[in-house]
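Thanks for making the time this morning. I would like to walk through one model with you, going from its metal sites to its helices and strands, and I will state the criteria as I go.

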Amino acid sequence: MTSESKVQPAKKSYFFSKGYIDLKNTVKGAWQRNGKSIKNYKDKLSYLKFEKLPKKLLLGSLYLLAMISVIVCGTIITTAITLIHISVLLLFMMLVYLGFSIVWCIDRFYLKRNQIFTACHICKEKSLIPIYLCPNCNEKHTRLTPGVYGILHRTCNCGAKIPTTFFNGRKNLSAICPNCKSPLSDRESRPICIPIIGGRSVGKTAYITAFSKTFIDEVAPAKGMNIEFYNSDKERIYREIENDYLLGETRMTQRSTDPNSASSISFSFFVQHPTFKPERLMHIYDIAGEVFTNNNENEVQQQYEYCQGMILLFDPFSVVNIADKYESSMSKNDIAGIGKADITYILDSFFSKLRMVTGLSEADMLNTPIAIVISKVDTADLADIVGEAAVNKLMAVDSENFTDYYDTMDYLCRKFLIDNDLSHFVTQIDNKFKTNRYFACSSIGHTKGAGKYEPMGVLAPMEWLCQRADKKMANVWNNTSFSKVPAYINKLS
Ligand SMILES: Nc1nc2c(ncn2[C@@H]2O[C@H](COP(=O)(O)OP(=O)(O)O)[C@@H](O)[C@H]2O)c(=O)[nH]1
Ligand SMILES: [Mg+2]
Ligand SMILES: [Zn+2]
Ligand SMILES: [Zn+2]
């Protein structure tokens, strides 16, 4: 378990390195001394041949006796010393081994129990422990855990002492991604990763803008949560979000053709609260929509495997039937903003990517909860069919059957899709995702560019996913309580 097959740029613990050499030298020395004194008597004996007989006999037997006693006792003593030395060394080696194994287990247990890992915000690679850099010489240290290089500290080749556990400061070291070598500042937080999925122009960026701004400016302060941006890059993204929010704009999700740059951009921020130990790190991924239509992803979206939830945005007007039905009541801007990609195609492409990343077969179901969010419901009065107004109306008219707000919304969204010949979509989602729930939202709240965002329904999908992902978060962000399974599915027929 504590295998450290990879050589580290650090000094090994005495008992696993110099201890052996010292043992070899002492044992060798003792046996050499023993051999030397035997040889000494042998020499003395050979000189006796020049002496007279009585002296020869007397001294000869004396030397012989001495030599035998050296051979017998000396060997016994030297063997004993050797054995004692080996046992002492072994004992200490075992103690150190036991020591680092115990601390290693504690460290590993802490990381696993608290669901701490690093999800690279650039290449999306998941790693339990990233590469840490020596604060003195910047040398790369992998597997910075208790081991043969030290229990609580590792001594870098440069002499600097580096902490090896969660409880003595490892998280404060600079780190880089083991895969793409990008600088990381995850500091052993618990990540909550949520990709926003959908074709081009379905409203992903608008959704992230509306959600982030509302969550950071309203939800977090109201719930006593503190927000800290992951790094200055993410802070810059937030300044853009604030700007877009004010103007009612959306940015084109940048995606360069450079194969080395990422197809999805994470907006990442820490969420702190007295009950969050460790702090949470929210990663929201804005995946360029072309990824689903052109199938040319720059990087594999590893986050599908470890993310705690997904949001699939659905632009109702990307469905030709629906667009035809409502086009007459849509503004020019809204028509221009329609996502052109066919949802069935997007879904197939998404499923095949999921299979690739997770290794699931076509028949397998995913446990990751997914929120299917119908976007842009401000347009053509869709809000009256699936949005807040429609939900309230149905709950008032049929108060016996419809009592739960979000279950009613889920019902209306499913019904809307089925009524528009998209029952195969609903079935496919049901077949693939054990936990799915439908929402309706409008991120901008009106046509793009017509003033400040007035979002409707953007918080609920994220609140639902966060509540499912994190019990502590569910206790804090508790504006809504969602039923376990949408209750009115059986009313659809
Ligand atoms: N009316 C309305 N239009 C929206 C809304 N969200 C997005 N749009 C339109 O859809 C276009 C694409 O949105 P965007 O967020 O950039 O889509 P992305 O490609 O999925 O990131 C925008 O230019 C808007 O015209 C919304 O909430 N209401
Ligand atoms: Mg975008
Ligand atoms: Zn990376
Ligand atoms: Zn160093």
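By a donor I mean an N, O or S atom within 2.8 Å of the metal (3.2 Å for Na, K and Ca), with the caveat that water is not among the atoms, so sites may look incomplete. This is a predicted model, in which local features need pLDDT of at least 70 and side-chain atom pairs count only at pLDDT 80 or more, while totals for chains, interfaces and linings use all residues. Residues are numbered from 1 along each chain as its sequence is written, chains are lettered from A and ligands numbered from 1 in the order in which they are written, and side-chain values use heavy atoms, with hydrogens and water left out.

Let me begin with the zinc ion (ligand 3), whose donor residues follow the spacing C-x2-C-x53-C-x2-C in sequence. Coordination comes from the SG atoms of Cys120, Cys123, Cys177 and Cys180, at 2.2 to 2.3 Å. The 4 donor atoms subtend angles of 106 to 113°, and therefore the arrangement is tetrahedral, a label that four donors receive if all angles lie between 85 and 135 degrees. For reference, the ideal angle for four tetrahedral donors is 109.5 degrees. Cys120 counts as buried at 1% relative accessibility, as does Cys123 at 13%, where buried means under 20% relative accessible area, exposed over 50%, and partly exposed in between, with a 1.4 Å probe and protein chains only.

Turning to the zinc ion (ligand 4), we find Cys134, Cys137, Cys156 and Cys158 each offering SG, 2.3 Å from the ion, and the sequence spacing reads C-x2-C-x18-C-x1-C. This site is tetrahedral too, with angles of 107 to 112° among its 4 donor atoms. Cys156 is buried at 0% relative accessible area, whereas Cys158, at 34%, is partly exposed.

Now the helices, which like the strands are DSSP runs numbered from the N terminus (H or I, at least four residues, for helices; E, at least two, for strands). Helix 1 (residues 18-47) packs against helix 2 (residues 53-113) at about 180°, with the axes 9 Å apart, the axes being lines fitted to C-alpha atoms over the stretch in contact and the angles running from 0 to 180 degrees between N-to-C directions. The pair is therefore roughly antiparallel, the term for angles over 145 degrees.

Finally, in strand 11 (residues 226-229), Ile227 and Phe229 point to one face and are buried, while Asn226 and Glu228 point to the other and are not.

Terms used. Four donors count as tetrahedral if all angles lie between 85 and 135 degrees; four count as square planar and six as octahedral if opposite donors are over 155 degrees apart and all others between 65 and 115; anything else is irregular. Angles under 35 degrees count as roughly parallel, over 145 as roughly antiparallel, 65 to 115 as roughly perpendicular and the rest as oblique.
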